[in-house]
Amino acid sequence: MAKNNLIMEIKDFSFTYSGAEAPSLQKINLPVLENKITAMIGPSGCGKSTLLRAINRIHDLYSGNKYEGNINLYRADGSKENILDLKKENDFIKLRQEVGMIFQKPTPFPMSIFDNVAYGLKLSGIKNKSELEGRVEKALQGAAIWKETKDRLGESALGLSGGQQQRLCIARAVALKPRVLLFDEPTSALDPISTGAIEELITELKEELSVVIVTHNMQQASRLSDYTAFMYLGDLAEYDTTEKIFLNPEKKLTEDYITGRFG
Amino acid sequence: MLHINEEKLQEVRDRTSEILKDLTISQKLALQALETCDSKSFEQVKIPLKMINKNVEDIDNLILTIFALYNPEAKDLREMVAFLKITSSLQRIASNERNYIKNMGICNPDTSAEVKEIINTSLSINRCTIKALEYTIEMIHEIEDKDKLQELASRISVEYSKTDDIYSMIEKDVLNIMHKSHTVTEEYMNLLKYIRKNLKIIDRLEDISARLLFARIGGRL
């Protein structure tokens, strides 16, 4: 177990987009605790998604971005690795298996439901058919979409509803047994029923892994998360337990944002 | 609603029910003590009441957290507002119970036979209160069955009406005694005052049942 149940630790982290003069994130310090849900809230442009994407180095799909500081990923044996030191494409793939990402818009691949989930598993070297089938079923069950899909695994994933597609994407990420799952506004494109299903799923997933979620929905942050980080203009303005942030925030800025008296 | 939110709501119900159970135990102990006019047993009556203020504060804070984190709506919102009012009533019931038992220290081996008889008659009020408390606990746990809720609420109302009648009879008896002796005795007047205090408990239980009907069925607070 990593120290203080930390799974990740962001230390003095700054990030500057390629071609930008000023950093978008400045000296961020944020712990990510094991088997907890951490919500990131804040107005548009405050750097929530930028920080989330830095946590699994998705920014590296484009060159020229500048990182400073550390983002440590703790191993089960207590050792840590600064993911900002990763350079090779293979290391990035391995990182993204350990730190998965779910996007705002569901992104199923144009292939069958089964192949969507099996894709990452095959990439990670699993070739045995029965093992693949077992892992796919388990992942679909874990993402609470098995009952709806078990009789149509060979059908195109594009035929699923938005909520089902999002759960399929979660299944695809869960299949790789990640240690951290990052959610970037995962329900903003979904109706309340699908949103409820995804939220229920996220709370169940935290038994197995740690979650960081970016959301504009204050109610979602309050009812889902254990810890909340409020970001403003590229700074981490306040971080605490969700109960503290939503009941007795330390800073007026946080209170104004949460109560809608902002600006 | 998330599973965890349901659990929090259930925790509020369970904790409230625990307080009502403590109040019931206290009422039963008071009844026993007064049946034997044993002032030493009165001390035991206060034991279940000791933690009530703290337990009520805990429930209020839990409700505050539910408001802040889970944004209850419709029946969940009604229930949380109702329980905030219910906890306040529970605190007052505990306070009435404490005052009642303190004042009923007048019931001791040296008490006159007439006063003992009046106290004995008044114990029917305590029995009604115990029944009303048990019905209230049942109401707390009855979430869906609206007919059952209405039935329990009317049973509480019946117990309340009974206590009203019993008190009128006691009042009449006391006035008769004073009339016969041609004096207004302070001891009797105080006794009536203490019994009236006990009546307030069941009055508040009727309030609680109305709040529970609002929570589960709807309408206006």
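User: How far apart are the mean positions of the positive and negative charges of chain B?

Analyst: In this predicted model, Lys and Arg count as positive and Asp and Glu as negative, with His and the chain ends not counted. Each charge is placed at NZ of Lys, CZ of Arg, CG of Asp or CD of Glu. For chain B that gives 32 positive and 36 negative charges, and their mean positions are apart by 3 Å.

User: What is chain B built from, helices or strands?

Analyst: Both are DSSP runs numbered from the N terminus: helices are H or I with at least four residues, strands E with at least two. Chain B has zero strands, and its elements read α-α-α-α-α-α-α. So by that definition, the count for chain B is seven helices.

User: How much of chain B is buried?

Analyst: Buried here means under 20% relative accessible area (1.4 Å probe, protein chains only). Chain B has 221 residues, and the share that counts as buried is 44%.

User: Over in chain A, how many residues of α6(A) are buried?

Analyst: Helix α6 of chain A covers residues 162-174. Among its buried residues are L168(A), C169(A) and I170(A). They're part of a mostly covered helix, with the buried count at 12 of 13.

User: Which elements of chain A do those buried residues pack against?

Analyst: Contact means heavy atoms within 4.5 Å. On that basis the buried residues of α6(A) pack against β6 (99-102), α3 (113-123), α4 (129-142), α5 (146-149), β7 (180-184) and α7 (192-205).

Key: Residues are numbered from 1 along each chain as its sequence is written. Chains are lettered from A and ligands numbered from 1 in the order in which they are written. This is a predicted model: local features need pLDDT of at least 70, side-chain atom pairs count only at pLDDT 80 or more; totals for chains, interfaces and linings use all residues. Side-chain values use heavy atoms; hydrogens and water are left out. Buried means under 20% relative accessible area, exposed over 50%, partly exposed in between (1.4 Å probe, protein chains only). The expected span of a helix is 1.5 Å times one less than its number of residues.
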